[in-house]
Amino acid sequence: MFERDDHFIGGRWVSARGGEALEVVSPATEQVVGRVPVAITEEIDAAVSAARVAFDDGPWPRMSLAERGDHLRRFADAIEARREQVLQLQIDEMGMVYKFAVENINGIRPSLERYLADAKKVDFREVRDGAIGKVLVLREPIGVVAGVTPWNSPIAVEVSKIFPSLLMGCPIIVKPAPESPLSAYLLGEAAIEAGLPEGVLSIVNGGVPAGAYLVGHPGIDHVTFTGSTGGGHAIAKACAGQFRAVTLELGGKSAAIILPGTDMTDYIPSLVGGSLRNSGQICVSTNRVIVHEDDQDRIVEQLVDHISSLKLGDPHDPETDFGPLAAKRQLDNVERFVASGKAEGAKVVLGGGRPADRPTGWYFEPTVFVDVDNRMEIAQEEIFGPVLSVITYSDKAEAVAIANDSKYGLGGAVFATDPEEAIEVASQIVTGTVQVNGGPPAGGGGPFAGRKHSGLGAERAVEGLETFLELKSVTLPAGYEPATV
Ligand code: NAD
């Protein structure tokens with residue numbers, strides 16, 4: 001049992017003053033595994049004012065990039081030093097399987113190094129030709145940031161807010177999802193061990209009310225949100241009212257197009273991982289698999305064989321591939337979607353229900369539907385569970401049209417014998433990222449930016465770092481040549 005009665009505010013542990021608590025239930029055992037306090041408004045105010053002092057008067061935004069980078073490397077070291085605890089708490093709080101938790105923590109260091117390398121490409125002080133003389137274009141830290149995050153990959157998403165924000169000189173207050181607040185305590189401990197300066201990082205717990213209070217707080221300059229499209233819509237509206245900059249990484253319903261005749265033998269693990277990893281609870285899940293009508297039988301057989309060889313069970317077991325869904329609410333949603341698919345005429349060829357040998361825990365079998373029409377609810381709505389739909393096409397143009405017939409535009413994949421043909425198809429898909437022949441997901445270190453109802457603005461890469469910066473043009477008289485550094 002993980003129990004705490006404090007919050008991480010401005011770089012130190014502060015005893016909670018409110019009476020409300022988040023009780024965290026293990027999705028595998030349905031037992032309470034943790035209890036932490038919900039932040040009251042005065043505690044969120046304290047976090048924002050600590051960040052304001054750090055931004056307005058403190059050393060952090062005035063430090064060199066290299067100094068901030070050194071702090072963040074020490075922070076990453078301190079997270080890695082807690083590796084086993086990070087793994088176990090995420091498994092306990094949201095049922096993430098050990099394998100995926102390992103993948104997540106192994107990604108922390110490379111993701112920081114990527115940000116550090118990309119930061120060197122940001123032009124903080126650029127001299128341009130202006131209307132009459134030179135213009136000095138400055139890119140300055142945007143201010144105090146609120147980072148609101150989901151439960152599906154707690155630590156990975158939290159650091160994807162903290163690293164770029166702090167690297168660009170912006171103190172940040174993170175509000176983790178109420179389903180997964182436990183592992184975030186380790187980030188507070190790591191920040192203390194790394195010696196992050198006062199005020200630059202706070203972590204406040206709570207649900208929608210705490211999140212709404214934080215993003216609407218007058219002391220916040222920028223909001224970076226990852227979560228559902230509904231949540232993003234509410235946050236965008238709150239930010240619009242205050243002309244506040246916001247980056248939104250939202251839901252998806254991505255498609256994997258398999259071009260005619262592609263031998264999928266080597267790619268099936270990538271296709272299955274890309275759609276069903278984390279029990280399908282990944283935003284970029286390519287769970288609409290679009291296959292040529294002549295290839296359907298072969299590819300469905302390969303999919304079913306491969307998925308059947310994977311293990312469903314205890315998420316703590318290093319061999320497990322499919323754990324429980326993160327919340328009872330998620331399980332109920334998945335059951336409702338599967339019933340809707342059947343009612344609309346789709347056929348289940350694998351799974352379709354709760355596993356009989358797992359009466360306890362929010363488990364659902366990995367499920368494959370065929371005879372799916374793209375207009376069905378299971379093909380249009382984000383299920384966020386282990387459900388994959390196979391949809392057929394007769395020519396390439398139809399495959400692209402099916403992929404694009406979605407309100408979402410987050411991820412995508414194309415598999416083809418000729419990678420150039422795959423790239424050509426990728427260019428026609430209206431999404432922010434596309435994987436070709438098993439390339440890495442979510443942009444692979446390039447910009448990650450959802451289109452349509454999947455988001456606003458970019459994360460990662462130079463473009464993501466620049467969302468934490470404001471532009472200033474300093475105009476100069478004719479003939480004056482400013483220094484560039
Ligand atoms: P959610 O929108 O319910 O909650 C996400 C976070 O936002 C939580 O911390 C929640 O408390 C907070 N929140 C929700 N509504 C809010 C509001 N009106 N004001 C302030 N805060 C609010 O999402 P979830 O169920 O936790 O996560 C699953 C969703 O996240 C899926 O739709 C998934 O696709 C999406 N997601 C997207 C990405 C991406 O990068 N695009 C990555 C992971 C998850």
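How far from an oxygen atom of the ligand does a backbone N or O atom of threonine 149 lie? The distance is 2.8 Å. This value comes from a predicted model.

## Around the ligand

Threonine 149 does not act as the sole neighbour: 29 residues surround the ligand. Among these 29, Thr149, Lys175, Ser228, Leu250 and Glu382 come nearest.

Two side chains can be followed in detail. Lysine 175 places a polar side-chain atom 2.9 Å from an oxygen atom of the ligand. For serine 228, a polar side-chain atom lies 2.5 Å from a ligand oxygen atom. How much of the ligand does the protein bury? Taken alone, the ligand exposes 840 Å². The protein buries 89% of that.

## What makes up the shell

Three elements give two or more residues each to the shell around the ligand. They are helix α8 (208-215), strand β11 (222-226) and helix α9 (229-240).

The shell residues can also be sorted by character. Sixteen are nonpolar, nine are polar and four are charged.

## The seven-stranded sheet

Strands of a sheet pair through backbone hydrogen bonds, either parallel or antiparallel. One open sheet here has seven strands, with mixed pairing. Their order is β15-β16-β17-β14-β13-β19-β20. The edge strands are β15 (347-350) and β20 (435-436), and each pairs on one side only.

Look next at β14 (residues 288-292) and β17 (residues 387-393). These two strands run parallel, joined by five bridges. Histidine 292 stands opposite tyrosine 393 in β17.

A helix lies across part of this sheet. Helix α10 (residues 268-276) crosses β13 (255-258), β14, β17 and β19 (413-415). The helix runs at about 120 degrees to β17.

## The three-stranded sheet

Another open sheet has three strands, in the order β1-β5-β4. Its pairing is mixed too. Why is one side of β1 (2-3) and of β4 (21-25) left without a neighbour in the sheet? Both strands stand at the edges, and each has a single partner strand, so one side of each has no neighbour there.

Strand β1 runs parallel to β5 (residues 32-37), and two bridges join them. Glutamate 3 stands opposite arginine 35 in β5.

Methods
Residues numbered from 1 in each chain as written. Predicted model: local features only at pLDDT ≥ 70, side-chain atom pairs only at ≥ 80, totals over all residues. Heavy atoms only, no water. Pairing = 2+ DSSP bridges. Helix = DSSP H or I, 4+ residues; strand = E, 2+ residues; numbered from the N terminus. Contact = heavy atoms within 4.5 Å. Axes fitted to C-alpha atoms, helices over the stretch in contact; angles between N-to-C directions. Near = heavy atom within 4 Å. Polar contact = N/O pair within 3.5 Å; in protein donor to acceptor, adjacent residues only side chain to side chain. Areas by Shrake-Rupley, 256 points an atom, 1.4 Å probe, with all protein chains shown as cover. Nonpolar A, V, L, I, M, F, W, Y, C, P; charged D, E, K, R; others polar.
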